[in-house]
Amino acid sequence: MAIERTPVDETELATQLRTRGLIRTIADRGRRRLDDNRSELIETLATILNATDAPPIDLHIDDALTELEGPRFFFAQHVLCDLIPLLNVDLDVLLAFITRLLDTGGNDLAAGGPSTAFGEWTKKDPARSSKVYEAARTGDNLAVRQIFTVLLMNADVEESLIFVRADQQEAKLAAISALGAMELGERYSEVLDTLLQGASSDDDGVALRFLEAAYRAAAKRKVYAPGSFDEHLERVLRTLSPYAIHLAADLLWRYREGLTENAIDLCLYAVADVDPDNTGTISHIDHASYQLVKDGRAEQVIRLLGELIDRSKGRITLDAFQSTYHALTHAGSDVLGSAVVYWLLNGDVYTRKCVANEVCSVGNDGPPFSIPKTSLPTDSSDQLFLCRKAVGWFFIDPLAAVAIPLSVLRDGCQDIASEVLNLIYAPLLLSYGGKLKDYLERYVESGGANGSGITELLARKSAFNDAMEGIEYLVELHPSERQRETERVQWNEQMERGMEQGERESIFGNLFTKQYILYGRSSLTPIHTGEGATHLTQNEMKSFSISSELPFLNIVDPIGLDHLLVHLKLEPRAQR
């Protein structure tokens, strides 16, 4: 069934423009859901506003922008961006108009639309862009703000070079950025020569902008920037200023195709010193690291993440690099395994703690990673150190903890096999049965290395379990009723405080209605149709469960176990 469209009444629209102003008129139309005749509306608006006796486009603009909030403003802005290229108004009026829109939009990702629309407006007539350049040279701040967009959208290499060679700082920087972003064609070499001269500037801020433009231009052509730029890049990055580090992160993320191997190394060295409070730069490093893993540079990224975490003393964690960690996990279990080995072997306590938080979980049926032979250290003492670190840090997840000891039994030095087997038995196998026992049995059945040693460990575990049978009936080991009641009271109080705190801090508290599900197999949800009627939707409930196993040694010898794990975690690596 076709929807009948309401035609645009030009007379009514002209009246609204004269009384309510352009922005309010568009906002009113949006509220009345007349977007289906959008093209006709925009053409009619352009016809009215281009007439000799047209009302000003900024009529009531202050009040109108104050009234518009959030989505309503950006809806109106979207219509205005389609309208602006069709207008025939004075440059000063239009510059002031789009500046007000830009300032109102703030830092929103959609806020730059009016600048793009203004660039399209200048493309309609070459004289318009020339007037913008003239205004910028005379110091018009509003024109200077639009120099980058106008130069870029008109692909004006010649005017860009003129601004670059001039002394007006803000316009100069905008022109530098425009040169890096535009298609240079046959003038690529000429522009790079100019950018190379600017990269030697004593002003680090200016040099940074020249370097960014050069590498961006090279990446756009999918070629490496000349090696002469690397010398200036090294000089600027050596300052390790926040701006230099941010540039390094951006080069790795956005313009990596223009970087030589030396430039990549320089940038990786610089970003390792990022300030933990500079979350924006850290986010760019995460994006860059994700791409580097995709490009087969996982080893460089693994080293970088370890440096970032340890240098920040744990203020930066793997939580800030979820995209990168996702790339490592999806690059193959061997890649993640190599990362785990490197971080346990070479990292500090901060890195090892972050790794344990990521790889250890409940409900796994197997290790979350595999260890390739090439990732193991060659020295037997380092292999044993690695096993002890894995058991200490991953103890809560026995399948993750046992993966590295088994890989050493399989591919490592055989002179430490007995010590590795002892680590598997105590504390792992003594603490856990269940999935760990099943996994080791499958390991033996599949012909894993040192299968006889693992079989002996399983037999010792079985004998230990037999010896422990009936110990639960020893009255001396039972807590008293007072102790039980005290523990229950403390537990209930702790849970109540935790639930109250969780509700207070939850971002969903004001978004959703609180519901309590007691006993039942389904739930009913009322759906309001908006016409006064309500119908119920029934959802069948499904059961699900996750099993976990408490370590036995934590029950019979918690102090001894805690002492052992602390020792395994914190013992230093032997110096050679």
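## A walk through a helical protein

Let us begin inside one helix: helix 16 buries A244, I245, L247, A248, A249, D250, L251 and L252. Keep in mind on this tour that the structure is a predicted model. Helix 16 runs over residues 242-254, 13 residues in total, and its first and last C-alpha atoms lie 18 Å apart, close to the 18 Å expected at 1.5 Å a residue. What do the buried residues of helix 16 pack against? Their partners are helix 14, helix 15 (228-237), helix 17 (261-271) and helix 18 (279-294).

Step back one loop and you meet L240, which sits between helix 15 and helix 16. Its backbone deserves a look: phi of L240 is near 55°, a positive value in a residue other than glycine. L240 has a relative accessible area of 29%, so it is partly exposed, falling between the 20% limit for buried and the 50% limit for exposed. There is another example to visit at K313, where phi is also a positive value near 55° in a residue other than glycine. K313 belongs to the loop that links helix 19 (298-311) to helix 20 (322-330). With a relative accessibility of 59%, K313 counts as exposed.

Now zoom out to the whole protein. Its secondary structure consists of 30 helices and two strands. Along the principal axes, the C-alpha atoms occupy a box of roughly 100 × 75 × 45 Å. The radius of gyration is 33 Å, whereas a compact globule of 576 residues would come near 25 Å. Of the 576 residues, 43% are buried. Among contacts with a separation of 6 or more, 71% join residues 24 or more positions apart. As for the surface, the protein exposes about 31,700 Å², with 51% of this area supplied by carbon and sulfur atoms.

From the surface we can move to the interior. The largest nonpolar core holds 169 residues, and the members touching the most others are L22, F97, L233, F369, F394, I404 and I454. Which helix gives this core its largest share? That is helix 14 (residues 204-220), with eleven residues.

F97 is a good place to look at this packing in detail. Beyond residues up to four places away in sequence, F97 touches L22, I23, I57, D58, I61, L80 and I84. Follow the link to I57 and you arrive in the loop between helix 3 (38-49) and helix 4 (61-67). Is I57 buried or exposed? I57 counts as buried because its relative accessibility is 3%, below the 20% cut-off. With the same sequence neighbours set aside, I57 touches L22, L49, L87, V93, L94 and F97. One of these partners, L94, is 37 residues away from I57 along the chain, yet their C-alpha atoms are separated by 8.3 Å.

A charged side chain makes a useful next stop. R352 lies in helix 22 (residues 349-359), and with 9% relative accessibility it counts as buried. Which residues does R352 contact, leaving aside neighbours within four places in sequence? They are W343, L344, L345, G347, F385, K389, W393 and K569. Compare the position of Y342, ten residues from R352 along the chain: the two C-alpha atoms are 10.0 Å apart.

Our last stretch takes in helix 25 and helix 26. P427 lies in helix 25, and the peptide bond that leads to P427 from A426 is cis, with omega near 25°. Helix 26 follows at residues 434-445; its twelve residues should span 16 Å at 1.5 Å a residue, and its end C-alpha atoms are 17 Å apart, which agrees. Helix 26 has L436, L440 and Y443 as buried residues. These residues cover an arc of only 55° around the axis, so they lie on the same side of helix 26. The cover over the buried residues of helix 26 includes helix 24 (398-411), helix 25 (417-431) and helix 27 (451-468). Just after helix 26 comes G447, whose phi is positive at about 85°.

Definitions and conventions. Residues numbered from 1 in each chain as written. Predicted model: local features only at pLDDT ≥ 70, side-chain atom pairs only at ≥ 80, totals over all residues. Heavy atoms only, no water. Core = buried A, V, L, I, M, F, W, Y, C linked by side-chain atoms within 4.5 Å. Buried < 20%, exposed > 50% of the residue type's maximum accessible area, 1.4 Å probe, protein only. Helix = DSSP H or I, 4+ residues; strand = E, 2+ residues; numbered from the N terminus. Contact = heavy atoms within 4.5 Å. Expected span 1.5 Å × (residues − 1). Arc of directions from axis to C-beta. Rg over C-alpha atoms; globule rule 2.2 N^0.38 Å. Areas by Shrake-Rupley, 256 points an atom, 1.4 Å probe, with all protein chains shown as cover.
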